[in-house]
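Hi,

Here's the structure I promised to pass on to you. Have a look at it first, then read my notes underneath.

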Amino acid sequence: MCSYKKFHNSIINVPSLGQTGFFLTDSVVVTCAHGAKENDLEIGSNLEIITCGKSICVTVDFIDFDIDVLLAHLDRSINLSLCEASSDVYAFDDLYSFGYTKKCPGGESCTVEVEGLSRDPLLLKLKGGAVVPGMSGAPLLNARNDCIVGMIKSSRTIQNNSTPTGGRAILISTIKEVYDNCYGTMSSNPANVSIEDLETIFCICEAAYATTNPLAMSSELIAYLKKEKRFSALINRQDMARRNAIKTWFSINPFCLRFIVAQDEKGKHRLGITCVLPLTTNGYESYRNGEIGEFELNEDYLMDRDETDKGMCNCLCIQSFAFSSKFPRNGKQLLKESFVDQILKLANLCSDIHIIAEIGTNQGRKMAEYFKMNMLYMLSFDKRPLYEMILSPSDILNT
């Protein structure tokens, strides 16, 4: 069931357009397109949104003035629990909404009743509530099934510009069709990791750790493991410490996990995963001195998203795992680009950046040498070699 708190957390303010919007996924937002025309926005433009009191920049991916839909993506996922979207809406259903209006820029609620449908274009026809300027883009929650069923598009009647009554709304089925056509089955940014991807990551890691030969991320075994959730029965290993650690890392800062993505003539493919953990100074030293293990890096030793957003981190632990056996020739470069992208997002670029890595394989050693990391004299908690490097901000920016 969708709680009001969950519903309200999904709603965004789009101040430059004088509109409201909401999260479709943890990395894609939707609002109405008509404000984009007035502000000369186009695909690729940056747009400021405000969510939970924080200002975030998103990139516009899709604008259609005929159906009045604008889609934009964040550069990283937000850990949100979203209400279910559904096409289950009928006449006489009571709907609830919340938007950032001209009269109440801090936000106000609105309740309306579904009168029916209007056709060409196909829209929900709403009555009974005051749909006022600024409500455009606001989601509609159906009180009957606790699902988002549409997005407010416009008012129906405004008498003397002061008594707005009812309105019209875009069906969620229309928005979902636009989303599927825009992004296909892959995330708007296929390198992003969402909470739905964690089970796949667990499966890939368990399969990779349990076998001597690396597995392709598209292999039938991994697909079967993911579908049946029978990891231990098939590969005789279920390392809960690693699973719990990855889940904790993602909850503290979702951007710490990143898919490595290659592109060929057939499209984009995820080939592996990098992990960059933003450590506190104490966490870095404890890990470097072998006092704590890799999977003991928890909330006591990691910086959360608020801290990294404020540029407070200059200690990082990097890892990579679950590579496909069909890694392309430019695999090292893709790995490097993934790490650099994460470091730019997570680290404080006004001071030297300390980076540490625990190496457990010969391939890992070669990769550490490729990155020009220095092997330390001390071993990790798990008795594996540690490699370290110190980069200046210019080193990262010129990479």
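Below is what turned up, going from the cores to a hairpin and then a cavity. Keep in mind that this is a predicted model.

Let's start with the nonpolar cores. The largest one has 31 residues, and Ile201, Ile246, Trp249, Leu257, Leu277 and Leu297 touch the most other members. Helices H4 (198-210), H7 (240-252) and H8 (281-288) each give two or more residues to this core, as do strands E13 (257-264), E14 (267-278) and E15 (315-321). H7 provides the largest share, with five residues.

Try clicking on Leu297. Beyond its neighbours within four places in sequence, Leu297 contacts Trp249, Leu277, Leu279, Gly283, Tyr287, Ile292, Leu302 and Cys317. There's also another core, apart from the largest one, with 27 residues, including Phe255, Leu316, Leu346 and Ile355.

Next, the hairpin. Strand E1 (residues 11-14) runs antiparallel to strand E2 (residues 19-23), and four bridges join them. Ile11 sits opposite Phe22 in E2. Four residues lie between the two strands, and Gly18 in the turn has a positive phi of about 65°. In a regular strand, side chains alternate between the two faces of the sheet. On E1, both faces are covered: Ile11 and Asn13 are buried on one side, Ile12 and Val14 on the other.

Finally, how many cavities of 30 Å³ or more does the structure hold? Just one, and the largest cavity has about 30 Å³ of space. Its lining is made up of Ser77, Asn192, Val193, Pro254, Phe255, Leu257 and Arg258. Of those lining residues, four are nonpolar, two polar and one charged.

Cheers

Definitions and conventions: Residues are numbered from 1 along each chain as its sequence is written. This is a predicted model: local features need pLDDT of at least 70, side-chain atom pairs count only at pLDDT 80 or more; totals for chains, interfaces and linings use all residues. Side-chain values use heavy atoms; hydrogens and water are left out. A nonpolar core is a set of buried Ala, Val, Leu, Ile, Met, Phe, Trp, Tyr and Cys residues joined through side-chain atoms within 4.5 Å. Buried means under 20% relative accessible area, exposed over 50%, partly exposed in between (1.4 Å probe, protein chains only). Contact means heavy atoms within 4.5 Å. Two strands pair if DSSP finds at least two bridges between them. On a 1 Å grid over the protein atoms alone, a cavity is a set of points where a 1.4 Å probe fits but cannot get out, and a pocket is an open set with protein on both sides within 12 Å along at least five of seven lines; lining residues have an atom within 4 Å of a point. Grid points are joined across faces, edges and corners, and a volume is the space filled by probe spheres set on the points. Ala, Val, Leu, Ile, Met, Phe, Trp, Tyr, Cys and Pro count as nonpolar, Asp, Glu, Lys and Arg as charged, and the others, Gly among them, as polar.
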